[in-house]
Amino acid sequence: MKFKNLSTTILVVVILSLIGYMAGCGSKGGVADPQAGYIELTATPSCLRPLERTSSVIVATVYKSGGEPADIGTRVTFRISTGIGTFANGTRELTTHTTGANGVASVVAIAGDIEGTMAVTAESSGMKQRVDIPIDENCDPDTGSTDTETDTSTATDTSTSTATDTDTGTDTGATTNAMIMVDVPTQAMAADGNSSVTLTVSVADSEAHIVPIGTPVTFSTTLGTFANGRQTYSLPTTDESGTVQAQLFAGTTPGMAEVTVAAEGSYQVIHVAMVAP
């Protein structure tokens, strides 16, 4: 009798296991796997010349699983894997964040002094994408091609037409006199009258050349103040990287600060949240 009850129990367990396995197979086959996240990476222009400090704007558009743009403030790390170029801050690794609702983060890469290929990767949330930028003395930055028929097709979706749409904020200047990259380490800070965030701005002209030392850059904000205690601030670029930094200090009024950075007839707009402490 005990043996019969044990056999019945085993049979029931086997049947339930089979039912569960079949149900699992049915749900997996009937529901498509969610789309994996990915990064689109472009370089404008898609080739550079050595010895002339020509530069390319590298734009990473980060997408979450399902195809939606990454959240504002998503961390993105850019790296140059070869020794023939640097980013605008003089390094070969630069971490920034997406600064607009379109999931975009961008940096400026500067050619080195020798010919070769500058490989730039963008990594975010375990995803990675790479774009290769030929550095060739025959490069024509306006067309992204070289006289020697260098193949630039390895750059993902690189087109010179994107040169006027490389915003790192939520708005791009209507003119195309300059390309302005704004890096903000955080998209939110406490509205405690003491917190601050450093804005790092890189400026290149319409042909992607770094602007001259002393080029004025103007900052303005709708909330908080800059180091001069005002909501407008002007600083010149101070070195050959075309980079300038300004600190934005929080006030005591919570809200979304709209920060405009202008130079050479163009502007960028980013947003920094000031939250109640």
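Start by selecting Phe-219, Phe-226 and Tyr-233, which together make up one aromatic cluster. Keep in mind that you're looking at a predicted model. Across the whole structure, a search turns up 3 aromatic pairs. For the first stop, zoom in on the rings of Phe-219 and Phe-226: the centres are 5.9 Å apart and the planes sit at 55°, so this pair is tilted. A pair of aromatic rings is described by the distance of the centres and the angle of the planes, so have both tools handy.

Now switch on a surface. Phe-219 has 0% relative accessibility, so it counts as buried. Phe-226, at 1%, counts as buried too.

Stay on Phe-226 and bring in Tyr-233. This pair is stacked, with 6.0 Å centre to centre and 20° between the planes. Buried or exposed, what are Phe-226 and Tyr-233? Both are buried.

Next, select strand β15, residues 216-221, the home of Phe-219. In a regular strand the side chains alternate between the two faces of the sheet. Colour the two faces of β15 separately: Val-217, Phe-219 and Thr-221 lie on the covered face, while Pro-216, Thr-218 and Ser-220 lie on the uncovered one.

Then add the neighbours. Strand β16, residues 232-236, runs antiparallel to β15, and 5 bridges join the two. To find your place, pick Val-217 and look across to Leu-235 in β16.

Last stop: strand β18, residues 255-263, which also pairs with β15 in the antiparallel sense, over 4 bridges. Click on Ser-220 here; its bridge partner in β18 is Thr-260.

Notes:
Residues numbered from 1 in each chain as written. Predicted model: local features only at pLDDT ≥ 70, side-chain atom pairs only at ≥ 80, totals over all residues. Heavy atoms only, no water. Phe/Tyr/Trp six-rings, centres within 6.5 Å; stacked < 30°, edge-to-face > 60°. Buried < 20%, exposed > 50% of the residue type's maximum accessible area, 1.4 Å probe, protein only. Pairing = 2+ DSSP bridges.
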